[in-house]
Amino acid sequence: MKQEEKTERTKSRIFDAAMKEFGANGYTAGSINNICKTGINKGLIYHNFKNKDELYLECVAKSCREMISCIKERGATEGFVEYMNARKEFFSEHEAEACIFLEARTNPPHSLAEPIGEIYAEFDELNRLVLEKELSKHTLRKGVSKEDAMKYFSAMQKLYNLDFLKGVQEKMPPHDQLELHELNIYKIFDFMLYGIAEGGEKS
């Protein structure tokens, strides 16, 4: 076996174990020692990754790349409903990735917030394009621009993410948390487009 192939297999083993570890325990409780308990030598881990932070960031990046690829492969970028359904299907099929995504998106380790933001730049751009396409299908109220609508949705999403873990953390399994998160993101967009009052008219 060539050295390159051996290195790739080793990194793949480390990735698989790290994805399961961080997916199950998150960044804070997840540990290199637990990964080693799967039969991987600690020296091999530190030979391939500088530290826990670098390994965690690689797991976040891998989760993000795979989700984006899945959404694009399913052609789910033309409408918000299709897009959210594709996200839901991906997360239901990739539990570890789902849990890592939820933590990195809503409650990232403070010291890693900046690199995680950089990792999610492509995802944020995809999110923006899908929302813009969906908004273009609707006639906006007079005086409301598409840019206004995008800023409003972005602000509401950020506020929701900041508040999300306060009532659900440690009260339900991580995957259930993600399902609730995705459902409420859909509701926010639905409320933004159609309002909350019957008929959508002022009295």
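The following paragraphs lead from the overall architecture of this protein to a few of its individual residues. The structure is a predicted model.

The protein contains 10 helices and zero strands. A reader who follows the sequence from beginning to end therefore meets the pattern α-α-α-α-α-α-α-α-α-α. Taken along the principal axes, the C-alpha atoms fill a box of roughly 70 × 35 × 30 Å.

How the chain is arranged within this outline can be described by burial and by contacts. The protein has 203 residues, of which 40% count as buried. Among contacts between residues at least 6 apart in sequence, 66% join residues at least 24 apart. These contacts thus include many pairs that are at least 24 places from one another along the chain, amounting to 66% of those considered.

The surface may be considered next. The protein exposes about 12,200 Å², and carbon and sulfur atoms supply 50% of this area. The protein also carries 29 positive and 34 negative charges, and the mean positions of these two groups are 2 Å apart.

One part of the surface is a nonpolar patch of about 430 Å². Tyr 152, Met 156, Leu 159 and Leu 162 make this patch. Leu 159 belongs to helix α9, which spans residues 146-164. Is Leu 159 buried or exposed? Leu 159 counts as exposed because its relative accessibility is 53%, and the cut-off for an exposed residue is over 50%.

Glu 134 offers a contrasting case. This residue lies in helix α8, formed by residues 121-135. Glu 134 is buried because its relative accessible area is 12%, whereas the limit for burial is under 20%. Which residues does Glu 134 touch, when those up to four places away in sequence are not counted? They are Gly 79, Phe 80, Phe 189 and Leu 193.

The last residue to examine is Thr 28, which is found in helix α1, residues 3-29. Thr 28 has a relative accessibility of 70% and so counts as exposed. Thr 28 and Pro 109 are 81 residues apart along the chain, and their C-alpha atoms are separated by 7.9 Å.

Taken together, these residues illustrate both states of exposure: Glu 134 in helix α8 is buried, while Leu 159 and Thr 28 are exposed. They belong to a protein built with 10 helices and zero strands.

Technical notes:
Residues numbered from 1 in each chain as written. Predicted model: local features only at pLDDT ≥ 70, side-chain atom pairs only at ≥ 80, totals over all residues. Heavy atoms only, no water. Helix = DSSP H or I, 4+ residues; strand = E, 2+ residues; numbered from the N terminus. Buried < 20%, exposed > 50% of the residue type's maximum accessible area, 1.4 Å probe, protein only. Contact = heavy atoms within 4.5 Å. Areas by Shrake-Rupley, 256 points an atom, 1.4 Å probe, with all protein chains shown as cover. Lys, Arg positive; Asp, Glu negative; His and termini not counted. Charge placed at Lys NZ, Arg CZ, Asp CG, Glu CD. Patch = residues over 30% accessible without salt bridge, like charges linked within 9 Å, V, L, I, M, F, W, Y side chains within 5 Å. Salt bridge = Lys/Arg side-chain N within 4 Å of Asp/Glu carboxyl O.
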